[in-house]
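Me: I am new to this structure. Please take a close look at one part for me, its pockets and cavities, with just enough of the whole to place them.

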Amino acid sequence: MKTLLRKRIFIPVLALSIFVTTSAFKSEFFEIAKQIEIFTTLFKELNMNYVDETNPGDLMDTAIKSMLEDLDPYTNFMNEQDVEAARINNTGDYTGIGASVLTLKDKLVIVEPYKDYPADKAGLKAGDEIIKVENVVVADFKDDAGNLLQGASGTTVNVTYVRQGKTQTAAIKREAVEIHAVPHFSMINDKTGYVVLRKFNDKASSETINAIRSLKNQGAEKLILDLRGNPGGLLSEAVNIVNIFVPQNQLVVTTKSKVKKYNKTYYTQREAIDTEIPLVVLIDGRSASASEIVSGALQDLDRAVVVGARSFGKGLVQRPKPLIYGTQMKITISRYYTPSGRCIQALDYWNRDENGKATRVKKENYSAFKTKKGRTVYDGGGIQPDLELVESVYSPITNAILNDNLIFNYATEYYYNNSVTDLKSFKLSDNDFNNFKAFLVKNNFNFETKTEKAFEDAMEVANDEQIYAAINTEYTNLINTINTYKNRAVDNNKDQLLSLLSDEIVKRYFYREGLYEYYLANNLEIQKAKEILKNPSTYSSYLN
């Protein structure tokens with residue numbers, strides 16, 4: 001009788017649940033269909049009746065981008081060229097000129113020619129500004145002009161470029177280009193190996209494993225894994241990298257979403273390469289996504305000491321969805337969480353401030369979590385290093401100089417005015433730093449602090465309230481004090497700026513291969529990592 005009663009109760013409840021769920025789905029579907037119909041009608045009427053000629057493609061492109069701006073910066077519409085660029089990024093293979101290129105509105109800037117690849121063979125240098133590809137003027141090209149440089153292996157592309165104010169031409173023979181996930185590995189000393197992992201493409205784990213095995217064969221008993229500047233990539237490869245150092249069936253990362261099928265847990269799938277070797281992981285503010293999964297998991301599992309600066313905080317997961325005509329939509333579907341439960345995402349794009357900017361959790365509101373051995377770690381976005389180095393955290397003025405490409409531009413000027421033949425003896429002098437400060441002045445460098453902006457906003461309010469005159473003298477004194485601080489700020493950040501300048505200049509003469517060699521002898525983060533690994537008790541103190 002009780003069983004029958006339970007069935008009678010259960011069946012109506014189940015039926016009600018199905019009805020409510022189905023009704024909610026139908027309501028949401030109707031709202032989507034309704035809005036699409038409104039937009040389609042508007043779009044047709046606009047193009048048919050507007051007073052001037054319209055370009056439907058441009059209008060639609062603007063409409064799509066404007067719609068997506070209200071979400072996060074990773075949810076994007078991808079045209080056919082974007083889809084191909086994403087494929088190249090994930091595989092690391094493409095056919096082109098073999099150089100990192102920055103696409104600007106009116107030119108393509110060579111950021112870094114890869115050694116012995118086509119651009120390098122043709123004599124192009126970092127800082128060269130390509131203004132024409134074949135007969136196409138870059139300034140007149142509406143799509144990504146960088147695509148003009150790609151083409152079939154063996155074909156030639158003719159470019160017109162500007163170097164130090166002079167216009168020149170070059171014929172570049174394209175060839176297959178392979179960008180290694182691990183561009184460098186070497187022994188720092190007789191017992192410590194160093195591995196640079198630059199990106200998480202589909203060869204990341206295999207190249208890392210090969211590097212580690214090679215180093216162990218050379219006598220490595222300790223390792224430094226450098227993830228600085230690594231923007232991420234394939235989630236599966238992040239799990240595989242963690243799996244090198246931790247056993248099979250260990251939780252690495254969890255994704256959580258409003259869509260149930262996207263809630264997933266990812267575990268290590270294979271036997272580890274080495275679960276005991278002491279390991280230091282280097283990260284900085286440009287280590288993102290998959291880099292944060294690796295560093296966060298190894299930290300939560302007490303498997304590595306993390307050194308450097310707090311990582312970027314990109315914990316939003318995207319998935320490409322095929323559309324029509326070869327296009328795609330890359331949609332944010334979930335968030336990443338480390339084994340301890342920390343959310344990696346730093347910025348909240350759904351609860352913006354009064355200026356429409358994404359908000360960040362304040363330090364006093366961080367939540368505490370526990371590692372496998374019970375160490376306390378915190379969320380707040382990104383991965384907080386076990387040893388955070390003040391020198392690794394870019395100051396506001398350093399960020400402003402970097403954002404204006406002034407480190408890069410000064411390195412270009414330095415290259416054409418100085419001769420450097422010996423990497424080991426290279427060192428920038430005080431005179432070089434004074435020349436850099438003069439270069440900043442010559443290029444009208446100025447940056448507005450958040451404090452200045454707040455004062456300006458306050459004075460606008462004061463003007464509306466007619467109390468501007470009463471406080472104008474005090475305001476002027478405050479601004480003068482801020483300007484004095486800004487004038488000193490470059491000097492106060494001398495070591496950080498000299499380090500960045502040195503790195504960029506070394507690449508000009510000795511390519512990226514020389515930069516890593518220079519790192520081993522001069523880089524602060526690597527020296528700190530070596531100190532930690534040198535003393536077993538120091539290493540253990542970070543993990544217990």
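**Open and enclosed space**

Reply: Start with the outside. The protein's accessible surface is about 30,200 Å² (Shrake-Rupley method, 1.4 Å probe). Carbon and sulfur atoms account for 52% of that surface. This is a predicted model, where local features need pLDDT of at least 70 and side-chain atom pairs count only at pLDDT 80 or more, while totals for chains, interfaces and linings use all residues. Residues are numbered from 1 along each chain as its sequence is written, and side-chain values use heavy atoms, with hydrogens and water left out.

Next, the overall frame. The C-alpha trace spans about 95 × 70 × 70 Å along its principal axes. The fold holds 15 helices and 23 strands (DSSP runs numbered from the N terminus: H or I, at least four residues, for helices; E, at least two, for strands). There are 544 residues, and 42% of them count as buried (under 20% relative accessible area, 1.4 Å probe, protein chains only).

Now the close look. Take the second largest pocket (on a 1 Å grid over the protein atoms alone, an open set of points with protein on both sides within 12 Å along at least five of seven lines). About 1,200 Å³ of space lies in this pocket (the space filled by probe spheres set on points joined across faces, edges and corners). Its lining has 28 residues (those with an atom within 4 Å of a point). Closest to the centre are Met 60, Asp 61, Ile 64, Lys 65 and Phe 77.

Which elements build that wall? Helix 1 (2-49), helix 2 (56-68), strand 1 (76-78) and helix 3 (80-91) each give at least two lining residues. Helix 2 supplies the largest share, with 10 residues.

What about enclosed space? A search of the whole structure finds one cavity of 30 Å³ or more (a set of points where a 1.4 Å probe fits but cannot get out). The largest cavity has a volume of about 30 Å³.

Its wall is a short list. Val 195, Thr 208, Ile 212, Leu 223, Ile 224, Leu 225, Phe 245 and Leu 279 line the largest cavity. Helix 5 (204-217) and strand 12 (222-226) each bring at least two of the lining residues. Strand 12 has the largest share, with three residues.

To locate both spaces on the model, find helix 2 for the second largest pocket. Then find strand 12 for the largest cavity.

Notes: Buried means under 20% relative accessible area, exposed over 50%, partly exposed in between (1.4 Å probe, protein chains only).
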